[in-house]
Amino acid sequence: MIRKIRESQGTKTWLLALVIMIVMLSSGCSGTTTTSGQQAEENGGNEQLGYPRTIKHLAGETVIESEPQKIVTPYISFADYLAVLDVYPIGSQGVDIIKQNFPSLSKKFEGKEVEDLGMEVNLEKMLALEPDFILAADDMKDQYDQLSQIAKTVILPQAGDWRETLLQIAEAIGKVDKATEVLAEFDRKSAEYKEQLAFRAGESVMFVMYNGKDSFITWNDGRFDPFYDGLGLTRMPNLDATGQLSLESLADLNPYHLFIINNWQVPVAGGVKEALKDSAVWNSMQAVKNGHVYYLEDPSLPGPMALAKIDGIEYIMDALRQK
């Protein structure tokens, strides 16, 4: 069985860059529901269903006999969701990468024993951990049968709606009450911060990631809706959904507030401000002139992860609050 799994794995190279860019550039659409994921939030997180429970997912249906105790996830983003629910897998993809480059999630992982399965996930190591539940993404859908021989397996979208994904995972592992509590607190804080940021109404806000060589990545595909809608921020007009943006094009857009998200794959000595300090185009922008350029250390902000949204409103509030 392991030989077959490893042969299947050999057809894929889960390179770090590919995984992270899939997370960040995916459209955020979702085509999967659990038996009652959305309903669970509407019902206030009632967990009286108990076990066994049947979870519908991208590879069919899985019957979960009891609350999972030994969870592994071969998808780095799902470690984020589990941490938000105060549940930590015994094994996960990319633990070392998390600790080195993702400060919010790394802080959650402090003191927790989580085996690193690697970025090219080592399924033999996964098997040796003897998990009772595998939380995988749709890039492993074709290996569902093999994974199911190791443990009960659920396959969810890589970049689904973060609220829905949180509830889907919570339902499978018996943490729906926790998920609804997290979402309620997120909504409460968003409403509070929106009121406090009302004085920023009309001041355009833009999120970009510096890609080196005077190039930026930008998005307008809904992934920042929890910030724009939740905090009442003003969107940039006439912005393409997703794509590369030159420095000149960024200057033409000329946002009032500019958030630059850390691109740890393209490190820039001294940071973006240092790299562009002598650029006349950069210095012509109103955000630069007025000191409204903010550097966000955690690169997960554009991704679909729950913690990125929960901590994201704190980062944005800290930047935009009246000094």
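**Exercise 1. In this predicted model, determine which residue follows helix α9 and what the sign of its phi is.**

Solution. Begin at the end of the helix, which spans residues 162–173. The residue that follows α9 is G174, and its phi is positive, near 80 degrees. Turning to the other end, D161 caps the N-terminal end of α9, with a side-chain oxygen placed 3.2 Å from the backbone nitrogen of R163. Between these two ends, the 12 residues of α9 reach 17 Å from the first C-alpha to the last, which is close to the 16 Å expected at 1.5 Å a residue.

**Exercise 2. Establish how many of the 12 residues of α9 are buried.**

Solution. Apply the cut-off for burial, which is a relative accessible area under 20%. By this criterion 11 of the 12 residues are buried, and α9 is therefore mostly covered. Among the buried residues are W162, R163, Q168 and E171, together with L166, L167 and I169.

**Exercise 3. Decide whether R223 is buried or exposed, and find which backbone oxygen its side chain reaches.**

Solution. First locate R223, which is found in the loop between β9 (215–219) and α11 (225–231). Its relative accessible area is 9%, so R223 is buried. The side chain of R223 then reaches the backbone oxygen of P302, at 3.1 Å.

**Exercise 4. Classify K289 as buried or exposed, and list its contacts beyond four places in sequence.**

Solution. K289 is in helix α15 (residues 286–289). Because its relative accessibility is 61%, K289 counts as exposed. Once neighbours within four places in sequence are set aside, K289 is in contact with N283 and S284.

Methods
Residues are numbered from 1 along each chain as its sequence is written. This is a predicted model: local features need pLDDT of at least 70, side-chain atom pairs count only at pLDDT 80 or more; totals for chains, interfaces and linings use all residues. Side-chain values use heavy atoms; hydrogens and water are left out. Helices (H or I, at least four residues) and strands (E, at least two) are DSSP runs, numbered from the N terminus. The expected span of a helix is 1.5 Å times one less than its number of residues. Buried means under 20% relative accessible area, exposed over 50%, partly exposed in between (1.4 Å probe, protein chains only). A polar contact is a pair of N or O atoms within 3.5 Å; within protein, one must be able to donate a hydrogen and the other to accept it, and residues adjacent in sequence count only if both atoms are side-chain atoms. Contact means heavy atoms within 4.5 Å.
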